[in-house]
Amino acid sequence: MTGVRKPKDEAEERRARIAIAQGKGMSLPAFIEDILNEKPEEEFVDAVRNRIAFAHEQDETIDIVTLVKQMAEIQDQWA
């Protein structure tokens, strides 16, 4: 599982911010593109970002890879 969750505490959040500042992070659009092998539309990225934010509000851990694939499948069904 490639889980996404809120940092456990301020120290963990600080370590994550340092890692990102050191270039160890990846933008959400690039991450989604890596999973789907195609550049995502801005609306799709916003939808994923909103779901992540909702999970944080609910103190929920989500499997981001599964989430992106499921959202892409739903989008394809509605296309």
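**Pockets, pairs and a core**

Modeller: About 460 Å³ of space lies in the largest pocket. This is a predicted model, where local features need pLDDT of at least 70 and side-chain atom pairs count only at pLDDT 80 or more, while totals for chains, interfaces and linings use all residues. Numbering runs from 1 along each chain as its sequence is written, and side-chain values use heavy atoms, with hydrogens and water left out.

Colleague: What makes a set of points a pocket, as opposed to a cavity?

Modeller: On a 1 Å grid over the protein atoms alone, a cavity is a set of points where a 1.4 Å probe fits but cannot get out, whereas a pocket is an open set with protein on both sides within 12 Å along at least five of seven lines. Lining residues have an atom within 4 Å of a point. The volume is the space filled by probe spheres set on the points, which are joined across faces, edges and corners.

Colleague: Which residues lie nearest the centre of the largest pocket?

Modeller: Arg5, Pro7, Ala16, Arg17 and Ile20, out of 14 lining residues. Helix α1 (residues 10-21) gives the largest share, 6 residues. Helices here are DSSP runs of H or I with at least four residues, strands are runs of E with at least two, and both are numbered from the N terminus.

Colleague: And what lines the second largest pocket?

Modeller: Val4, Met26, Leu28, Phe31, Ile52 and Ile64. That lining divides into 6 nonpolar, no polar and no charged residues, because Ala, Val, Leu, Ile, Met, Phe, Trp, Tyr, Cys and Pro count as nonpolar, Asp, Glu, Lys and Arg as charged, and the others, Gly among them, as polar. The largest pocket is mixed: 6 nonpolar, 2 polar and 6 charged.

Colleague: Why is the pairing of glutamate 13 and arginine 17 called a salt bridge?

Modeller: The term asks for a side-chain nitrogen of Lys or Arg within 4 Å of a carboxyl oxygen of Asp or Glu. Glutamate 13 and arginine 17 meet at 3.0 Å, N to O, so the pair qualifies. Both lie in helix α1, 4 residues apart, about one turn of the helix.

Colleague: Why is arginine 17 exposed?

Modeller: Exposed means over 50% relative accessible area, buried under 20%, and partly exposed in between (1.4 Å probe, protein chains only). Arginine 17 has 56%, so it counts as exposed, while glutamate 13, with 32%, is partly exposed.

Colleague: How many salt bridges are there in the whole structure?

Modeller: The search finds 3. Among them, arginine 49 and aspartate 46 meet at 3.3 Å, N to O, and glutamate 60 pairs with arginine 51 at 3.1 Å.

Colleague: What makes the largest nonpolar core a core?

Modeller: A nonpolar core is a set of buried Ala, Val, Leu, Ile, Met, Phe, Trp, Tyr and Cys residues joined through side-chain atoms within 4.5 Å. This one has 15 residues, and Ile32, Phe44, Val48, Ile52, Ile64 and Val68 have the most contacts inside it. Two or more residues each come from α2 (28-36), α3 and α4 (64-78). Leaving aside neighbours within four places in sequence, isoleucine 32 is in contact (heavy atoms within 4.5 Å) with Pro40, Phe44, Val45, Val48 and Val68.

Colleague: What is phi of asparagine 37?

Modeller: Near 60 degrees, a positive value in a residue other than glycine. Most residues other than glycine have a negative phi. Asparagine 37 is found in the loop between α2 and α3, and with 69% relative accessible area it is exposed.
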